[in-house]
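Thanks, everyone, for making time this morning. I would like to walk through one sheet and one side chain, so please have the sequence and the model open as I go.

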Amino acid sequence: MEAIRKQATKLREQVARQQQAVFKQFGGGGGYGGSDNVVTDEAELMLHQKLERLYISTRAAKHFQRDIVRGVEGYIVTGSKQVEIGTKLSEDSRKYGVENTCTSGNTLSRAAVNFSRARVQMEKERGNLLKSFGTQVAEPLRAMVMGAPLEDARHLAQRYDRMRQEAEAQVIEVSKRQSKVMDGSGNPELFTRLQAAESKLQDLKSTMAILGKEAASAMAAVEAQQQKMTLQRLISMIESERAYHQKVIQILDHLEGEMVSERQRIEAAPTPTEETPPPPSYEEVNNASTAPMQNGSNDGVDYFLGEAMFSYHAESDVELNLSTGDYVVIRKVSNNGWAEGECKGKAGWFPVEYIERRERVLASKVTEVF
């Protein structure tokens, strides 16, 4: 009995050593897909670890691409609303400029029309930017996120992982067959089953190696494409937005120049030149003395109403003092740049460029003329 026990112990130790050898050949620590118990050799282990890194990398890149698409889509939605609001503002500005009823001048009307035109141009550029974001950024990235190459590569990697798990189970099966052979006292059927299990394990090893290389190659190709495509789309996005802002700056610079010019025209009085002749005498214009209007009328003369845009200080007795905002009844306009009119009960000459013609005037303003 003692001899039998020693022989049985010896056989168990031999089986244990064989099991350890099998697990040393096929086993290892945790890793890709939650299973790293089947590693045939160092090359296969490196392949497995590479696949694990590629899987993580492509998954992160896919999520980043999806985040970009969502961000761009949100930008397009809000940008389209801004275009709508800007277009409405442009139309309102144009309407005011065209239908202005202001009695004190048309400076603001011109500014409103210029603003409307510039706003239309800016909203057009914004629309082009949003279209560029959609066609050059969102659509290519969305196609890649949903594309077949990525899914095919991930399916290969998942098949490889399932085959590793199957190989791990087969290692256990081989170990069990070996134990039965040792305990079966040379039973040929048990030996045949062991050989079949070992043969299946070798087939799994071979197939797993081939599949692993295919999966790694496919995943590496997808990773490279993800990196290249995403970088290109980001650059395209930056270039489109930069071009948009450059064009908007040009539009705003031109608009600012127009408005500043209008403001300067209002605030700065005309500079008289040395060549400006003195105002003509009433005798030169009428060949007779001209008296101020009586009761606001003077038959036979084509009068019109004007507003003083700048102050004017008379330099002679025949000239008329004006203050900015005064309303004047213009009765004569000479060919040498002077106008004759009446304001606040006084009549005289003044430079015609100091006033602007008015078609409509508030009644309260008319009373100030006489």
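How many of the residues of strand S1 are buried? Before I answer, please keep in mind that what we are looking at is a predicted model. Strand S1, which covers residues 304-308, is mostly covered, with five of its five residues buried. If we go along the strand, Phe304, Gly306 and Ala308 point one way, while Leu305 and Glu307 point the other way, and the residues on both sides are buried. That is the pattern one would expect, because in a regular strand the side chains alternate between the two faces of the sheet.

Let me now place S1 among its neighbours. The sheet is an open one of five strands, in the order S4-S3-S2-S1-S5, with antiparallel pairing. Strand S4, residues 346-351, and strand S5 stand at the edges with a single partner strand each, so one side of each has no neighbour in the sheet. On average, and with direction ignored, neighbouring strands here are turned by 45 degrees against each other.

Taking the pairs in turn, S3, which spans residues 338-343, pairs with S4 in the antiparallel sense over six bridges, and within that pair glycine 341 has glycine 348 of S4 as its bridge partner. S1 pairs with S2, residues 327-333, over four bridges, again in the antiparallel sense, and there glycine 306 stands opposite valine 328 in S2. On the other flank, S1 is joined to S5 by four bridges, and these two strands also run antiparallel.

That brings me to the residue I would like to dwell on, namely arginine 358, which lies in strand S5, residues 355-358, and which is the bridge partner of leucine 305. Is arginine 358 buried or exposed? Its relative accessible area is 8%, and because the cut-off for buried is anything under 20%, arginine 358 counts as buried.

What, then, does the side chain of arginine 358 contact? It makes a polar contact with the side chain of glutamate 307, at 2.9 Å, and glutamate 307 is, as you will recall, one of the buried residues of S1. The arginine 358 side chain also makes a polar contact with the side chain of glutamate 356, at 3.3 Å. Finally, looking across to S2, the C-alpha atoms of arginine 358 and valine 328 are separated by 9.8 Å, although these residues are 30 apart along the chain.

Methods
Residues are numbered from 1 along each chain as its sequence is written. This is a predicted model: local features need pLDDT of at least 70, side-chain atom pairs count only at pLDDT 80 or more; totals for chains, interfaces and linings use all residues. Side-chain values use heavy atoms; hydrogens and water are left out. Buried means under 20% relative accessible area, exposed over 50%, partly exposed in between (1.4 Å probe, protein chains only). A polar contact is a pair of N or O atoms within 3.5 Å; within protein, one must be able to donate a hydrogen and the other to accept it, and residues adjacent in sequence count only if both atoms are side-chain atoms. Two strands pair if DSSP finds at least two bridges between them. Axes are lines fitted to C-alpha atoms, for helices over the stretch in contact, and angles run from 0 to 180 degrees between N-to-C directions.
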